[in-house]
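Dear colleague,

I am handing over the structure we spoke about, so that you can look through it at your own pace. My notes on it come after the display.

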Amino acid sequence: MTDSIQQMQEDMLIDAPQDDVHALLRHQLYALLARLTILQGRHQTPASLISASSQRFTRFEQLVNERFSDWHKVSDYAAHLGYTEKSLGRAVTAATGVTAKAYITARINLEAKRLLAHTDLPVSTIAERLGFEEATNFSKFFKRETGAPPAEFRLQYQGLV
């Protein structure tokens with residue numbers, strides 16, 4: 001163990017790009033931790049190595065992919081998953097660096113772009129598919145998120161503008 005730690009200390013001083021040195025140190029640290037785990041005689045399952053926050057985010061991510069067109073509020077996801085909005089928000093921010101609301105919004109926006117770019121569906125139909133009661137609300141949402149109204153985005157994507 002001492003040799004591994006000494007090697008890591010020496011490698012910190014290597015004259016190389018910082019990203020490369022950091023990658024090397026991460027791998028050495030992983031190897032050191034694996035060696036310690038083996039020496040302790042413990043077998044850890046992959047699930048036990050994943051933090052509760054990470055598991056919370058994973059469940060949220062899966063649910064967003066299933067329900068983004070139905071649920072636009074963090075409270076809907078938190079209630080379904082059995083978490084508080086605050087704990088869910090912390091987990092999402094820790095995993096992605098954005099709020100839970102921003103994550104949901106980005107997923108809706110991604111699907112909107114996909115539908116506008118790859119289908120000829122009317123904007124009102126896309127709005128309905130994405131859970132907007134009014135096409136005007138969808139248009140305002142889309143323009144706020146992308147800077148362009150849906151019809152203009154479609155034309156830009158098709159190279160007509």
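What follows is a short account of one helix, one surface patch and one arginine.

Please keep in mind while reading that the model is a predicted one.

I would begin with helix H9, which runs over residues 135-146, has twelve residues and reaches 16 Å from its first C-alpha to its last, close to the 16 Å expected at 1.5 Å a residue. The buried residues of this helix are Phe138, Phe141 and Phe142, and they cover an arc of only 95 degrees around the axis, which puts them on the same side of H9. On the other side of H9, Thr136, Lys140 and Arg144 are exposed. The partners against which the buried residues of H9 pack are helix H7 (100-118), helix H8 (123-129) and helix H10 (150-157). After H9 comes glycine 147, and its phi is positive, near 90 degrees.

Helix H7 also holds arginine 107, which counts as buried because its relative accessible area of 18% falls under the 20% cut-off. If its neighbours within four places in sequence are left aside, arginine 107 is in contact with Val64, Asn65 and Phe68.

Turning to the surface, Met1, Leu29, Leu33, Leu36 and Leu39 make a nonpolar patch of about 440 Å². Of these residues, methionine 1 lies in the segment before helix H1 (2-11), and with a relative accessibility of 34% it counts as partly exposed.

With best wishes

Methods:
Residues numbered from 1 in each chain as written. Predicted model: local features only at pLDDT ≥ 70, side-chain atom pairs only at ≥ 80, totals over all residues. Heavy atoms only, no water. Helix = DSSP H or I, 4+ residues; strand = E, 2+ residues; numbered from the N terminus. Expected span 1.5 Å × (residues − 1). Buried < 20%, exposed > 50% of the residue type's maximum accessible area, 1.4 Å probe, protein only. Arc of directions from axis to C-beta. Contact = heavy atoms within 4.5 Å. Patch = residues over 30% accessible without salt bridge, like charges linked within 9 Å, V, L, I, M, F, W, Y side chains within 5 Å. Areas by Shrake-Rupley, 256 points an atom, 1.4 Å probe, with all protein chains shown as cover. Salt bridge = Lys/Arg side-chain N within 4 Å of Asp/Glu carboxyl O.
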